[in-house]
Amino acid sequence: MIAGCDLDGVIWRGDEPIAGSSDAIATLRTAGFEVVFITNNSSTTPAAYVEKLLRFGIEVEAANVVTSALAGSYLVTQHCAPGARVLACAGEGVRDALRRDGFDVVDTGLADAVVVGWHRDFDFERLRVAADAVRAGAVFVATNTDATYPGANGTVLPGNGSLVAAVATASGRLPLIAGKPHAAMASYVCDRFGVDGIMIGDRVSTDGEFARVLGWPFGLVLSGIAGAEAYEDPTTSGAQWIAEDLQRLVVMVLKSGPGQTGP
Ligand SMILES: [Mg+2]
């Protein structure tokens, strides 16, 4: 069985490790779970996450890291043949995923598809080029639409949803959305890893809803976005388990017993 595990707010907060998370991953694996890290961050590649996870004491194969860039490219494959021109209004994670799926990745001109993913050098010119291609009829894919994400020292940074909103407004069209909690990510994960699993994350609207879409039990950790208020009304979160952090959550999951993880 798969343990789908979000990264930010579960394993780390930005570049700060969350205590006990590497031990908790080891415990899940010993109990027989195949851990698959599933993140809506599309800006970098699975290989880069393998290196970052190793710095946090977690060994993983690139094949067990799923980003919304991979789900975004998967969504493009459902509409465009290999070799199609795909305009990447996005970072290296998206470019790498599109190249691996056999697309011709371009930065300007008309295209068969446009993929918008989070990147820091988004500017007026990139907005203009992406909106032109979408308005001219390109398949419009957003890796994810998270409005914001947590920065260092309690700051809030614009997420990919903010970039997508600009392209949607300028082009007059709405995107297909790839990442959690959308069906493209769910199909992608099931195609690759099978249909049985649990999902662990810190955000009810993405991780919790993604678990619901998959029909998987959801474990909510309070080490990221969700706060202690989740305890007061656990039914609204849809979570089977709620704990302060991954280490405590894994203890609860394993107490449910093998094969007894369902609600
Ligand atoms: Mg998170």
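Two strands count as paired when DSSP finds at least two bridges between them, and that rule is the starting point for reading this predicted model. Strand β9, residues 139–142, meets it with β12, since two bridges join them and the strands run parallel. One of the bridge partnerships sets Ala142 against Ile177 in β12. In general, the strands of a sheet pair through backbone hydrogen bonds, in either a parallel or an antiparallel sense.

The pair formed by β9 and β12 belongs to an open sheet of five strands, whose order is β7-β6-β8-β9-β12 and whose pairing is parallel. At the edges of this sheet stand β7, residues 104–106, and β12, and because each has a single partner strand, one side of each is left without a neighbour in the sheet. Helix α6, which covers residues 160–171, packs on the sheet by touching β8 (113–116) and β9, and the direction of α6 makes about 160 degrees with that of β9.

Beyond the edge strand β12 the chain reaches a proline. Pro181 is placed in the loop between β12 (176–177) and α7 (183–193), and the peptide bond that leads from Lys180 to Pro181 is cis, with omega near 5 degrees.

Helix α7, on the other side of that loop, has a contact with helix α3, residues 68–77: the two axes come within 9 Å and cross at roughly 95 degrees. Angles from 65 to 115 degrees count as roughly perpendicular, and therefore α3 is described as roughly perpendicular to α7. On the α3 side the contact involves Ser68, Leu70, Ala71, Tyr74 and Leu75, which meet Ala184, Met185, Ser187, Tyr188, Asp191 and Arg192 of α7. Sorted by kind, the residues of this contact comprise seven nonpolar, two polar and two charged.

There is also an open sheet of six strands, ordered β5-β4-β1-β13-β14-β15 and again with parallel pairing. Its edges are β5 (65–67) and β15 (241–243), each with a single partner strand, so that one side of each is left without a neighbour in the sheet. From one strand to the next, the twist averages 20 degrees. Within this sheet, β1 (residues 2–5) and β4 (residues 34–39) pair in the parallel sense over four bridges, and Cys5 stands opposite Phe37 in β4.

Helices lie across this sheet as well. Helix α1, residues 21–30, lies across β1, β4 and β13 (197–201), and runs at about 135 degrees to β4. Helix α11, residues 246–255, lies across β1, β13, β14 (218–221) and β15, and runs at about 150 degrees to β15.

The last feature to consider is a space rather than an element. The largest pocket holds about 620 Å³, and of the 29 residues that line the pocket, Asp8, Thr39, Asn41, Tyr49 and Tyr149 are the closest to its centre. Two or more lining residues come from each of α2 (46–55), β10 (148–150) and α8 (204–214), with β10 giving the most, namely three residues. The lining as a whole divides into nine nonpolar, 12 polar and eight charged residues.

How values were computed. Residues are numbered from 1 along each chain as its sequence is written. This is a predicted model: local features need pLDDT of at least 70, side-chain atom pairs count only at pLDDT 80 or more; totals for chains, interfaces and linings use all residues. Side-chain values use heavy atoms; hydrogens and water are left out. Contact means heavy atoms within 4.5 Å. Axes are lines fitted to C-alpha atoms, for helices over the stretch in contact, and angles run from 0 to 180 degrees between N-to-C directions. Angles under 35 degrees count as roughly parallel, over 145 as roughly antiparallel, 65 to 115 as roughly perpendicular and the rest as oblique. Ala, Val, Leu, Ile, Met, Phe, Trp, Tyr, Cys and Pro count as nonpolar, Asp, Glu, Lys and Arg as charged, and the others, Gly among them, as polar. On a 1 Å grid over the protein atoms alone, a cavity is a set of points where a 1.4 Å probe fits but cannot get out, and a pocket is an open set with protein on both sides within 12 Å along at least five of seven lines; lining residues have an atom within 4 Å of a point. Grid points are joined across faces, edges and corners, and a volume is the space filled by probe spheres set on the points.
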